[in-house]
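Q: Please take a close look at the metal site in this model, and then set it beside the helices and the contact between the chains.

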Amino acid sequence: MACLSDETLIACNEGSLGAIEAARVRDHLLLCPACRETAAHYRLLERALERPQLAMPPARLVPQVMERLFPAAARITSIAAVAAASFVFLVSWIYIYFDFSSSSLVQALRLTTDGTTGWLAGIIQGITSVYNGAQAVRKALGAMLRILFPAPLGVVAIAVAILGLSLLLALTVFRPRLKKAKRT
Amino acid sequence: MQLDEDQVLIKKTLRGDRKAFEELMRKYEKKIFSFVVRMVRNEETAVDLTQDFFFKIFTVLDKYNYEYKFSTWAYRICYNLVIDHIRKNQTQVDSLDDEGVTSHDLLASDNVSREDGFKALARAETRDYVWNIVDQIPLKFRELILLRYIQDLKYEEIAEITALPVGTVKNRIFKAKEILKKEMEKDGMLV
Ligand SMILES: [Zn+2]
């Protein structure tokens with residue numbers, strides 16, 4: 001009887017032989033020391049392969065991917081900063097445009113704080129004087145620009161402010177995604 | 001349709017659950033990294049490629065088809081990524097060619113005294129020794145051994161991942177084992 005091929009012995013070790021073929025191999029191995037030895041060698045190899053020692057990835061691997069995927073902290077703070085800046089900017093413009101410094105609310109606020117001292121009065125006085133200053137600058141600029149442009153300055157300024165801020169906000173939201181896309 | 005553990009994690013990830021994706025990465029990082037590091041044989045490159053792989057998986061996760069096993073789909077992406085990298089940086093020199101060079105060239109620098117007989121080596125050492133040879137066989141054999149034993153895949157799955165016919169996969173794995181056995185015999189490992 002011819003000796004077994006390497007292929008047959010490997011298949012036998014993998015358990016991929018049919019029942020009849022496996023029985024034939026078993027019979028031959030009982031009689032043939034040479035094939036028995038080869039079979040033993042393949043068995044040893046198979047055992048070593050079946051228990052690979054997996055390499056340990058560095059601990060930074062997963063956290064770095066998460067950071068790359070979700071640059072979350074940076075994005076939330078920058079959106080919050082832009083939103084806060086937009087709010088202050090728009091409120092300032094509306095305040096100046098509608099001349100709130102002479103409105104009854106501000107007058108009332110001023111009256112209540114005139115007599116009092118302390119940090120609240122200081123803040124209100126500070127804000128009012130900043131707005132009064134801005135108001136004076138606006139009036140001067142307005143007078144100058146009205147000669148050049150027919151549209152009211154306040155409307156143009158608010159429109160420009162809204163447009164600029166939406167652009168800034170859009171950039172803050174989409175820039176991380178653009179960066180991410182560029183990296184891939 | 002009954003979803004398996006991986007598919008549940010994918011669903012959660014697609015709904016915006018970051019922890020779910022982290023869990024998925026943790027589950028596969030060891031196997032993927034082990035495969036990649038033995039393919040490229042450089043730890044830093046392997047870290048970069050493994051990270052690129054997870055990044056890529058995340059970006060194409062919405063294209064995953066639930067009819068297939070996630071692992072097979074992911075391994076195919078991983079395999080293609082690594083093969084692309086190797087092709088672009090073709091500097092890999094395999095110590096063993098197809099016919100198998102002498103083991104003296106192979107392990108000459110190792111401070112292992114071969115003559116004392118590897119017979120006496122413990123089983124864990126046999127395993128390390130065998131995997132050391134695996135690292136040095138040509139890529140076309142090595143990749144299949146890695147997919148079969150590191151990723152624990154069936155011949156059909158390996159064929160799907162490598163786009164090779166099942167017969168070729170089987171023949172190459174048999175040939176790889178012949179090379180490995182020959183090397184072990186040469187080294188007096190098997191007496
Ligand atoms: Zn025989």
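A: What follows describes the metal site, then two helices, then the contact between the chains.

This is a predicted model, in which local features need pLDDT of at least 70, side-chain atom pairs count only at pLDDT 80 or more, and totals for chains, interfaces and linings use all residues. Residues are numbered from 1 along each chain as its sequence is written, chains are lettered from A and ligands numbered from 1 in the order in which they are written, and side-chain values use heavy atoms, with hydrogens and water left out.

The zinc ion takes its protein donors, at 2.1 to 2.3 Å, from A:C3 (SG), A:H28 (NE2), A:C32 (SG) and A:C35 (SG), where donors are N, O and S atoms within 2.8 Å of the metal (3.2 Å for Na, K and Ca), and sites may look incomplete because water is not among the atoms. The angles among the four donor atoms run from 97 to 121°, and the site is tetrahedral, a label given to four donors if all angles lie between 85 and 135 degrees. Along the chain, the donors follow the spacing C-x24-H-x3-C-x2-C. Distant parts of the chain are linked here, since A:C3 belongs to the segment before α1 (6-14) of chain A and A:C35 to helix α3 (residues 33-50) of chain A, 32 residues apart; helices are DSSP runs (H or I, at least four residues), numbered from the N terminus. A:C3 is exposed at 51% relative accessible area, whereas A:C35 is buried at 4%, with buried meaning under 20% and exposed over 50% (1.4 Å probe, protein chains only).

Helix α7 (residues 119-148) of chain A has 30 residues and spans 43 Å from first to last C-alpha, close to the expected 44 Å, the expected span being 1.5 Å times one less than the number of residues. Its buried residues include A:A121, A:Y131 and A:G142.

In chain B, helix α3 (residues 43-60) has 18 residues and reaches 26 Å from its first C-alpha to its last, close to the 26 Å expected. Among its buried residues are B:Q51, B:F54 and B:F55.

The contact between the chains takes 41 residues from chain B and 36 residues from chain A, contact meaning heavy atoms within 4.5 Å. Together the two chains bury about 3,900 Å², 69% of it on carbon and sulfur atoms, where buried area is the accessible area (1.4 Å probe) that two parts lose on being put together, summed over both. In chain B, the residues that lose the most area to chain A are B:R18, B:Q51 and B:F55, together 18% of what that side buries.

Note on methods: Tetrahedral: all angles 85-135°; square planar, octahedral: opposite > 155°, others 65-115°. Helix = DSSP H or I, 4+ residues; strand = E, 2+ residues; numbered from the N terminus.
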